[in-house]
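Student: I would like to learn how to read a structure like this one, feature by feature. Could you take me through it?
Tutor: Gladly; let us look together.

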Amino acid sequence: MKKINFRKMVLLAIFSMTVFACDKNEVQEEDISENVNSVTDEIYNTKSSGNLIDAIYLGRNVTLLEVENGKYLYDGDVLLERNDFSIPVEESNRGVYGGGNWPNRNVRWKYASGVSQDLKNKWTSAMNTWSSQLNFSFTQISGSSGDYILVQQNSSGSAYSTSIGRKGGQQIISVDPRYYGSGNVVHEIGHAVGLIHEQKRPDRDNYIIVNYSNIRPNWTSQYDKCSSCTPNGTFDYSSIMLYGSRASSSVVYNTSIPAMTRKDGSIWNAQRSYLSTGDKAAINAKY
Ligand SMILES: [Zn+2]
């Protein structure tokens with residue numbers, strides 16, 4: 001109990017100090033001035049602070065950030081609802097709900113209302129990447145029966161998926177096309193078909209150093225290891241599921257200090273152009 005209250009206090013204090021730092025325009029300017037070639041890491045930008053809670057999702061112990069409207073943020077850009085996970089004291093199997101494969105690598109989807117041509121082009125390009133590089137197929141549906149991804153546009157600076165793997169029924173990929181390109185959409189489809197962030201591999205400490213002292217408490221979970229995950233192959237710095245070394249001022253206290261480095265201290269940019277050898281191997285092992 002003490003732990004939760006302390007966390008609350010820390011989060012409230014940090015939130016009150018960083019309201020202006022979370023402004024989208026400021027983040028965007030900063031990213032551009034630091035590195036013109038950098039791409040934006042996918043993130044769900046919370047409008048408010050929330051509690052961190054311990055939960056079980058897909059059979060794993062995770063930390064979730066409770067954000068607005070009864071939503072729970074896992075790993076920076078995976079937005080869950082309450083019945084997607086369990087908490088440790090509950091006798092429930094809800095924590096393993098979801099995470100399924102899409103039969104025959106066929107993903108069913110449809111657009112939400114209000115999706116711009118810009119985002120439609122990015123979605124189409126991202127589908128083509130998964131089709132051409134990993135033999136996925138995509139079926140656009142009308143109606144709302146069966147399992148499908150609702151492709152949605154937001155204007156909050158966010159890019160997120162509401163599930164790791166096929167959830168059952170509707171799941172959402174939501175993107176603000178002002179900040180994210182087709183490669184970011186490829187990344188979100190990665191979550192929707194079952195991939196987690198590369199930096200969460202249980203063996204990642206053999207490859208990278210996470211600079212926790214520079215990461216704001218709300219965002220540490222996206223850098224935490226998934227100790228129960230089965231890694232495939234070796235750590236892949238080219239994975240489309242790996243965040244870049246540097247993070248925005250919403251995530252880190254000091255943007256000149258990397259959130260992650262290689263063991264030798266060197267840094268990398270996020271790769272959002274193609275599915276890497278490791279990404280393909282992971283999918284081929286899963287499907
Ligand atoms: Zn992600």
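Tutor: A word on annotations before we begin: UniProt positions are given in the numbering used here, and annotations may be inferred rather than shown by experiment. Keep in mind, too, that this is a predicted model.

Student: With that caution, which residue does the UniProt annotation "active site" cover?
Tutor: The annotation, from an unreviewed entry, covers E188. You will find E188 in helix α4, which spans residues 182-192.

Student: Is E188 buried or exposed?
Tutor: The cut-off for buried is under 20% relative accessible area. E188 counts as buried because its relative accessibility is 0%.

Student: And what is E188 in contact with, beyond its neighbours within four places in sequence?
Tutor: Its contacts there are E42, D77, A159, Y160, S161 and I173. Remember D77, as it comes back in the next feature.

Student: Then let us turn to the metal. Which residues are the protein donors of the zinc ion?
Tutor: D77 appears twice, each time through an OD atom, and H187, H191 and H197 each contribute NE2. These donors lie 2.0 to 2.4 Å from the zinc ion. Along the chain their spacing reads D-x109-H-x3-H-x5-H. As for accessibility, H191 and H197 are both buried.

Student: How should I read a nonpolar core?
Tutor: In soluble globular proteins, nonpolar side chains tend to be buried together. Here the largest such core has 51 residues, and W123, W130, I149, I189 and Y223 have the most contacts inside it. At least two residues each come from β5 (106-111), α3 (117-134), β7 (148-153), β8 (159-161), β9 (170-175), α4 and β10. The element that gives the most is α3, with six residues.

Student: What does W123 touch, leaving aside neighbours within four places in sequence?
Tutor: W123 is in contact with W109, Y111, I149, V151, I173, V185 and I189. There is also another core apart from this one, with 15 residues, including Y72, L80, I196 and C229.

Student: Can we look at a strand and a loop as well?
Tutor: Take Q140, in strand β6 (residues 137-140). Beyond four places in sequence, Q140 is in contact with W109 and Y111. Its C-alpha atom is 8.6 Å from that of V107, although the two residues are 33 apart along the chain. For a loop, try S221, between β10 (208-210) and β11 (260-262).

Student: Is S221 buried or exposed?
Tutor: S221 is buried, since its relative accessible area is 12% and the cut-off is under 20%. Outside the residues up to four places away in sequence, S221 touches T63, D75 and K200.

Student: How do I step back to the whole chain?
Tutor: Look at the elements, then at burial and contacts. The chain has five helices and eleven strands, and 50% of its 287 residues count as buried. Among contacts with a separation of 6 or more, 69% join residues 24 or more positions apart. The chain exposes about 12800 Å², of which carbon and sulfur atoms supply 50%.

Student: Where is the predictor's confidence low?
Tutor: Start with the average: the mean pLDDT is 82, and 81% of the residues reach 70 or more. Over residues 1-36, however, pLDDT stays under 50, and the model has 40 contacts for them beyond four places in sequence. Residues 90-98 also have pLDDT below 50, with 26 contacts in the model beyond near neighbours in sequence.

Technical notes. Residues are numbered from 1 along each chain as its sequence is written. This is a predicted model: local features need pLDDT of at least 70, side-chain atom pairs count only at pLDDT 80 or more; totals for chains, interfaces and linings use all residues. Side-chain values use heavy atoms; hydrogens and water are left out. Donors are N, O and S atoms within 2.8 Å of the metal (3.2 Å for Na, K and Ca); water is not among the atoms, so sites may look incomplete. Buried means under 20% relative accessible area, exposed over 50%, partly exposed in between (1.4 Å probe, protein chains only). Helices (H or I, at least four residues) and strands (E, at least two) are DSSP runs, numbered from the N terminus. Contact means heavy atoms within 4.5 Å. A nonpolar core is a set of buried Ala, Val, Leu, Ile, Met, Phe, Trp, Tyr and Cys residues joined through side-chain atoms within 4.5 Å. Accessible areas come from the Shrake-Rupley method with a 1.4 Å probe; for residues, only the protein chains shown count as cover. pLDDT is the predictor's confidence in each residue, from 0 to 100.
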